[in-house]
Amino acid sequence: MAVPLAKGTRGLLLTFVLCMSLACTSCASALVHHDYCIVGAGPSGLQMAYFLQQASRDYVVFERSHAPGSFFALYPRHRKLISINKRYTGKSNSEFNLRHDWNSLLSHDSRLLFRHYSRDFFPHADTMVRYLEDFASRLELQVQYNTAITHVTLDRDPQAWNGHYFILTDQNSQTYRCRAINNGLLDTYQLKSLDGLLEGDLEDLAIVKDKKGKLHITLRFYLENSNSSAGAETVTLPQDELDNFATRAPYDRVIRCLGWKFDFSIYNRSLRLVPGRGNKRKYPQIKPSYESRGTRGLFVLGTASHSNDFRKSAGGFIHGFRYTTRAVHRLLENHHHGVPWPSPIYPITHLTNSIIKRVNEASGLYQMFSVLADIILLKENATAFEYLEEYPVGILAQLELHTGRKAPSGLFAVIMEYGRNFSGADKDVFYYNRAVGEAQHAWQSNFLHPVIYYYKRLPTEREMRLRPPDWPLPRPDAIHHIVEDFLTDWTAPNAHILPLRRFLENCLGTDLRNFFAESCFLFALTRQKLPPSCQQGYLRMQGLVGSEGLRRHAVEASLMENYTVVDTPNELLGGQKEIHDQLLKDHIIPGRPLQHLINTKDEL
């Protein structure tokens, strides 16, 4: 059931470049109000629209073109996507298959998987346009086309949840109020097959056109020292002074492929939306929660949010930002509608299996490695746990604020990581002996692998700021690496599961194994503290009760003795007593007589 927004709790949500989102209300003169406005019907704009629609929220999408995905109608110029479309993985698990589907958006409709639109490994860009059109129409997303937002500013208002509304103006002066597939070139360049690769600072180069329309590359200082009114023929060319200058031959066409640059001009200075620094200067500055650092309630999604994981993860691409968009939606649901982050509760005996299942299937963890993590909140005395999927690790310290969930008894963070030295400047990622195969050396794994952090308490803001370089999280109380696997299949009993279970048991101080009812009975006689599976199973009459086939398997596996069935009642009773006495002797506690144990059993 949808929870209505309280009066004055409207804000602004932006996703840029491929899309841009806003939570808003249209101008008072038109008397049309919306809780959320999304500017730009690109992939992340449509993805956020889908989540809002599924949550029955009031929203609208503004798109300047006549159709969604207009970016892909023109770019990339070579008309081939660089995101893979792996249609066959050998598995039918839909969540696992998304690990290798880099183009589909998230939805409940299996018809809207990209594999139904193209058979190409690198699809044509026109196919993406058709896919996005179908995504918007089939799901009946609320998109208002031919509407270009040309200016965004602030309107201070104490009734707004963040102290201001956002004012948007379109091209008609209507005002709204809210809250690597070309690698072949490298090969032919290396093989000297008449293709070239020029490396240099573009700010030092210039392009001039001669009378025949040919394009020449020259140096900028030649252009600055020439008489611009005299024409291009007067410009000195490098080959005039150096006869073997590399690019002395003229060109017919020059294609600008220098990427995109964020347009900050439409945003009023009151929004304090500023560029990043260094190699992130083309991205707006945002927090790990994807909220603008300058203005509360202003969120950046899509490709423009890549500053959070630039050259670290996949947040600049569809197969990455479809998950960060979902994470932001969950943050907004908690903040504005009182809907806590989804977190099912399981008994502690399910902990090992829950982690193994997620690291082998989850696509969000796999694609947004080092950025999104599964958070496991332990209940009192480690009897149960809550499982939160794909939470942004950069805001772990504010977990209770952002999710509505508490972490009083410690937590685990399950994250996917590459090795600390896997890649970087002047590093060869194909160096000899780069793989690790033994569990005891798992911490040296270089390729993508699961890492489990254990904290006895929630890390603080200060600990997050002072975490070691290139660490996604602060130093934990304990850490466990699951050794990398060639098939990214972490299900090996000895190499993957057993070390993980023992790590969890050491952190929790408990036994996470499952036991037959017979073993639980013996533990009840000989121990003060029973394993959780006995507490939650045997003592509640839910122990592992076997059939003849299960009994035979347990005997063959040396899990229990091969007790023979006797015929007469006297023999049966005598046999049971003999067996019982022998079992007690096998599990006798030093210093305690057998009779005392039998009396304890009678008391039980």
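**Exercise 1. Place Arg-501 in its surroundings: which residues does Arg-501 contact, leaving aside neighbours within four places in sequence?**

Solution. Arg-501 is in contact with Thr-352, Leu-512 and Arg-513, once neighbours within four places in sequence are left aside. Contact means heavy atoms within 4.5 Å. Next, locate the residue: Arg-501 sits in helix 13 (residues 493-508). Helices are DSSP runs of H or I, at least four residues, numbered from the N terminus. Last, the burial: Arg-501 has 18% relative accessibility, so it counts as buried. Buried means under 20% relative accessible area, with a 1.4 Å probe and protein chains only.

The model is predicted: local features need pLDDT of at least 70, side-chain atom pairs count only at pLDDT 80 or more, and totals for chains, interfaces and linings use all residues. Residues are numbered from 1 along each chain as its sequence is written, and side-chain values use heavy atoms, with hydrogens and water left out.

**Exercise 2. Decide how many residues of helix 9 are buried.**

Solution. Helix 9 covers residues 351-361. List its buried residues: Leu-351, Thr-352, Ser-354, Ile-355, Ile-356, Arg-358, Val-359 and Asn-360. That is 8 of 11, so helix 9 is largely enclosed by the rest of the structure.

**Exercise 3. Describe how helix 1 packs on helix 8.**

Solution. Start with the axes, which are lines fitted to C-alpha atoms over the stretch in contact, with angles from 0 to 180 degrees between N-to-C directions. Those of helix 1 (residues 43-54) and helix 8 (residues 318-337) come within 9 Å and cross at roughly 35°. Then the residues: helix 1 gives Pro-43, Ser-44, Gln-47, Met-48, Phe-51 and Leu-52, while helix 8 contributes Ile-318, Phe-321, Arg-322, Thr-325, Arg-326, Val-328 and His-329.

Now take Ile-318, in helix 8. Its relative accessibility is 8%, so Ile-318 counts as buried. Beyond four places in sequence, Ile-318 touches Pro-43, Trp-102, Asn-103, Ser-104, Leu-105 and Met-128. Thr-303 is 15 residues from Ile-318 in sequence and 8.2 Å away, C-alpha to C-alpha.

**Exercise 4. Find where the largest nonpolar core lies.**

Solution. A nonpolar core is a set of buried Ala, Val, Leu, Ile, Met, Phe, Trp, Tyr and Cys residues joined through side-chain atoms within 4.5 Å. The largest has 62 residues; Phe-135 and Leu-46 are among those with the most contacts inside it. Helix 4 (residues 125-138) supplies the largest share of this core, 7 residues. Domain 1 (32-186 + 261-332) and domain 3 (342-508) both give residues, so the core lies between them. The domain bounds come from an automatic or database domain assignment.

Definitions and conventions
Helix = DSSP H or I, 4+ residues; strand = E, 2+ residues; numbered from the N terminus. Buried < 20%, exposed > 50% of the residue type's maximum accessible area, 1.4 Å probe, protein only.
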